[in-house]
Amino acid sequence: MVRDYDISNNEKQFVLAALEQNIRLDGRKLLQMRDVHISVSRDEYGYAEVSLGKTKVACRVTAEITKPYEDRPFDGIFQISTDISPICSPFFESGLTTGSKQSNDEILISRLIEKAVRRSGALDLESLCIIAGSKCWAVRADLQFLNYDGNFIDISSIAVMVALLHFRKPDMEIDGNNVILFDEDQRNPVPLSILHIPLCFTFQFYNPNDDEENIKGNLNNELILLDANLLEERLSLGSMTLTINKNKELCQMVKCGGLNIDASMIMNCCQHASNLVDDLTRKINDVIKKDSELRKNPVEKELQVVNQRET
Amino acid sequence: MSRLELYSPEGLRVDGRRWNELRRFECQINTHPNAADGSSYVQQGNSKVLCLVKGPMEHGANLAAGTKLDPNGPVLSLNINYPPFASNERKKRPKNDRRLQEISIILKRCFMKTIVLKNYSRTAIDINLTVLAMDGGLLACFCNAITLALIDAGISLYDYVSAVSVGLYDQTPLLDMNALEENDLSFVTIGVVGDSDKLNLTLCEDKLPLDKLERLISLGIEGCHRLKELMDLQVRVAGGQLQERQ
Amino acid sequence: MSIIVDNDPLDQVDGSASFEFGATKVMSSVTGPIESARPRNELPTKAYLDINIRPSSGVPSTRETLLEHKLGQLLPAVINLDQYPRQTIQIAVQVLKNGEPKDYTARQLVAIINSVFVALINSGISLKSSFMATCCSINTKGEIKTSPTSSDLANSVSHFVVVYSIKDQQVDNLLFCDGLGTFKQKQLFDVLDHAASEIHLSFQHIRQVISSHVSHNYIWKA
C-alpha cells in the first residue's frame, strides 16, 4: 500500500537546511501565514469556501428543529462533522484502521476543531432553545476538506466560523406548543448568536540539533514555523495549536508531545498569534459584512433610506 | 445556585491548601513485579492511577494486526482503562471515547520524544493505564505514572517527564487542581522534562486570559520540578531495596 | 443555463474537476490506477472501481449509496477497466451545493457524472468514449424542460437523467437512462431526442474547457 507521502532524504535535508537559514521554499518568513482567501455563497445561507495557499476547505451549516438532550433541556444542539474524505489526498483513506498515523491525525484534527469552536462557546447554545425540554434548534456544521496542503486545523476553524456567521435560520413564532416557521420571503431569516470568533494557529517545531541537545542542552534554538505546508508538516517534529479570539483569550492550547520547547518560546508564540488574530478577525467580518450588504433587497434599502432621513 | 467558595479570602482552597501547594503525592514502583516488566502506582490527592508497561518486545499484544514495526524506534501502544466506578458520576464510557483517544495520542507523542529511540528499533512497547479513582488531573497522573513505569521496566529515557495541572481563580493561579476546581475553573496541564524549563506537553481546553498564561506556566513548572524530585526519591528508594536483595 | 467547469483544482489527486450548473455544484477526484488497499478488491482481470460519494451536509446515507450504485453501473461501460488488472481506481465525489430537495437526485447525478468525466480525462485513465449527462423534466402540460430547477422538479410529472456517449463530437450511444414518474413511450423518445441535442450543445463547451486546459498544460511544447 503506497498510501504515505514519501519524502526523499535529499528533499528532507534540503528543506531543513533552508529552514535553518530562515528560508522557506515558498518564500515566506518563518512566522508568516499564507494568504487567506474566503468566499461565501451568494444564493444560500451558511456556505463558505476558504483557502489558505493550496489547502482548501468548504463548510456548510444547516439547522433543523429537534428535541434537546434530556440532561440539557435549555440548550440547543451543535455538531461539527469533520470526516476527511479521500478527495483531498489519497492517504486519508476512508475508514482507516485505528492506530495508524493518519487516523491519529484525523482524531486530533476533529478534536481540536471541536474544542476550538464548540467547547469555547463560540455559538450561544441557549439561544437555540425554542421550548425548554421539547424543541430546540440543532445546528450542524459539515466540514468538507477539498485539498490538502498542510494546516487543516487553522483553516477549518476559519471556515466553521465564517459559515456560522454567514448562516441565517428561518424566523419563527411560538404558538402554544407549536412552532411556526416563516419563509424567507415572509420574514427575514435571523443570524445565529455568535459570542466570539475563536481562531486556531498551528506552530510546527524543528530541531537543528540532535535529541540530546533538545532535552539536556541550553541552546533553545529550535525553529518555529507558522502555517506549515504539507512538506513542512510532514517533516516537523512536533506541533502546537493555539486558539485565540480577539479579546486575547486563550481558548485552547494543545502541544501534544513532540519536541520539547522552552516555556519562553511558547510565550512568544502566544504573543505572535495574538497579534495575528486581529487582522484575521477583521478579514472575516469584512467578508460577512460585504455579503450581507449585497443581499439587502431593494425594498428594504429604500425603507432604510427613509428611516435615515427621519432621524 | 450557591457556588462553592473555591478560594477563600484568607487564601485557602476547598481542601485547605494554599494556592501554590501540591496535593499529597505518593508513588510506588514495581507494584506488579509478576504481571508486567514495569509497573507503577501514582496517587495525587484522591486521584489514583496504575500503570503497567510490557516491553520492549518483538510483538505487541495490543497492536492492531498488520501494524509494522518501525526500524527507527519502538511502536508504542497505549491502552486506557477508565472503569465506571473511578469518577464521581458512575457512567459507562463508550469504547471509542474521543477524549481518551486524544489523550492517548498526546501521551504517545510525548513519550516518543522521551524514550531513547535508537535503543529500541523494531520493538513494541505496551502501556496499560488503569484509573482507580479520579479526582482531577487525569492527564498529569497518566504522564507521571507512565514515566515511573517506564523507568521500572528499564527502558532508557532521556529524563523524567512530570506533569501537573494549574488553574486560574480570578487573578490567582492554583496548583494541582482537584475535580471540584477543575469543574468550575479553566486550567492548563503542563508536562516538563527533567529539571529544565522545557515543556513537552501543554493542554488547555478552556478560556484563559492570555496575559495570565505566563504566571500559570511558571507555577506549573515549579510544581513539575517538585514532583520530579518526589518521583526521583521513590525510584532511588526502590533501587536501593533492589540492591540490598541481591 | 450556464455551466462552470473548473479543471484540476486539486493537486493531491491524479485528476479532479468541479462542475457547477445552476444551484448544483459537485467536486470530483480520481486517483488511479493504484495498488488495491484490500486484497479482496484485487480483481485478476480488471481494475476495481472504488466510488465514494459524500453529501453536502450530514453523513452518507442510502441516498448516497444509490448514487454510488448508479455511477458504478455507468462507469464500467466507458472506462477501459481491463487495461489495469489488479489495480484500483479511486473516485471520490463531494457534493458542495445540492440545488434540489433531498427527495430528488437528478441534478446531482448529472453534475456527478459530468464532473467525473472531466476528472477522468485529467487523470489520464483510458476511456472508451466521451460521455455526458443531462436531465429533463416533463410538467403537467406535457412540456419538456431541460436542466430543471428545484421548483421545476417539484411541479413535474416525471423527470429523466440521460447519458450519451460521444464519438467524433457527435452524440453516439445511449449509455444510461433513468426516468422517474409517469410518462408515455412517445414522451420518453421525445426526451431522449431532446437530451441528445442538449448534450451536443453543452459538450462543445466542455470540450473547449478541456482543450484550453490541455493547451495550457502543454505550453512548453509550442
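How many bridges join strand β14 of chain A to β9(B), and do the two run parallel or antiparallel? In this predicted model, 3 bridges link β14 (residues 249-255) of chain A with β9(B), and the two strands run antiparallel. This briefing treats that pairing, the contact between chains A and B, and a sheet in chain C.

**Strand pairing between chains A and B**

- Within β9(B), the residue B:C204 is the bridge partner of A:M253.
- The strand β9 of chain B covers residues 198-204 and is among the elements that give two or more residues to the side of chain B that touches chain A.

**The contact between chains A and B**

- Chain B supplies 32 residues to the contact, and chain A supplies 34 residues.
- On the side of chain B that touches chain A, the elements giving two or more residues are α1 (98-112), β8 (186-193), β9 (198-204), β10 (208-209) and α4 (213-245) of chain B.
- The largest share of this side of chain B, 8 residues, is contributed by α1(B).
- Sorted by class, this side of chain B holds 18 nonpolar, 4 polar and 10 charged residues.

**The sheet in chain C**

- In chain C, 5 strands form an open sheet with mixed pairing, in the order β1-β2-β3-β5-β4.
- Its edge strands are β1 (3-7) and β4 (48-54) of chain C, each of which pairs on one side only.
- On average, neighbouring strands of this sheet are turned by 15° against each other, direction ignored.
- Strands β3 (residues 24-35) and β5 (residues 87-97) of chain C run antiparallel and are joined by 9 bridges.
- The residue C:V26 stands opposite C:V95, which lies in β5(C).

Methods:
Residues numbered from 1 in each chain as written. Chains lettered and ligands numbered in written order. Predicted model: local features only at pLDDT ≥ 70, side-chain atom pairs only at ≥ 80, totals over all residues. Pairing = 2+ DSSP bridges. Helix = DSSP H or I, 4+ residues; strand = E, 2+ residues; numbered from the N terminus. Axes fitted to C-alpha atoms, helices over the stretch in contact; angles between N-to-C directions. Contact = placed C-beta atoms within 7 Å. Nonpolar A, V, L, I, M, F, W, Y, C, P; charged D, E, K, R; others polar.
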